[in-house]
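Visitor: I am new to protein structures. Could you walk me through this one?

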Amino acid sequence: MPTGPNAEPRKVTLVDGGPVLLEGPVELEMPDGTVARSDRFMVALCACRRSKRYPFCDTSHRKRVRN
């Protein structure tokens, strides 16, 4: 994939109350220095930190009780 000023930007979608969706593949560097990778064409990143697969979303946000 091309990089630099002429590269196509990656699309990132913020889902209200849900995950952050971004076009893959992705490589994420975690705060502890470990690397999480996904080769999928669309990757859902957890925004609520409830996921058992964090940093990837497992739809745990759906179990949240709203007042």
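**A chain of strands**

Guide: Gladly! Along the sequence the chain reads β-β-β-β-β. Strands here are DSSP runs of E with at least two residues, and helices are runs of H or I with at least four, numbered from the N terminus. This is a predicted model, in which local features need pLDDT of at least 70 and side-chain atom pairs count only at 80 or more, while totals for chains, interfaces and linings use all residues. Residues are numbered from 1 along each chain as its sequence is written, and side-chain values use heavy atoms, leaving out hydrogens and water.

Visitor: How many helices and how many strands does the chain have?

Guide: The pattern of the chain is β-β-β-β-β. The count is therefore zero helices and five strands, with the DSSP runs as described.

Visitor: Which strands stand at the edges of the open sheet?

Guide: Three strands form this sheet in the order S1-S2-S5, with antiparallel pairing; two strands pair if DSSP finds at least two bridges between them. Each edge strand has a single partner, so one side of it is left without a neighbour in the sheet. The edge strands are S1 (12–14) and S5 (42–45).

Visitor: Which residue of S5 stands opposite leucine 21?

Guide: Strand S2 covers residues 20–23 and pairs with S5 in the antiparallel sense, over four bridges. Opposite leucine 21, in S5, stands alanine 44.

Visitor: Which side chains of strand S3 are buried?

Guide: Buried means under 20% relative accessible area, exposed over 50%, and partly exposed in between, using a 1.4 Å probe and protein chains only. Side chains alternate along S3 (residues 26–29), where Glu27 and Glu29 point to one face and are not buried. Pointing to the other face, and buried, are Val26 and Leu28.

Visitor: What is the bridge partner of valine 26 in S4?

Guide: S3 pairs with strand S4 (residues 35–38) in the antiparallel sense over four bridges. The two form a hairpin with five residues between them, and glycine 33 in the turn has a positive phi of about 95°. In S4, the partner of valine 26 is serine 38.

Visitor: Is histidine 61 buried or exposed?

Guide: Histidine 61 lies in the segment after S5. Leaving aside neighbours within four places in sequence, histidine 61 is in contact (heavy atoms within 4.5 Å) with Gly17, Gly18, Pro19 and Cys48. Its relative accessibility is 14%, so histidine 61 counts as buried.
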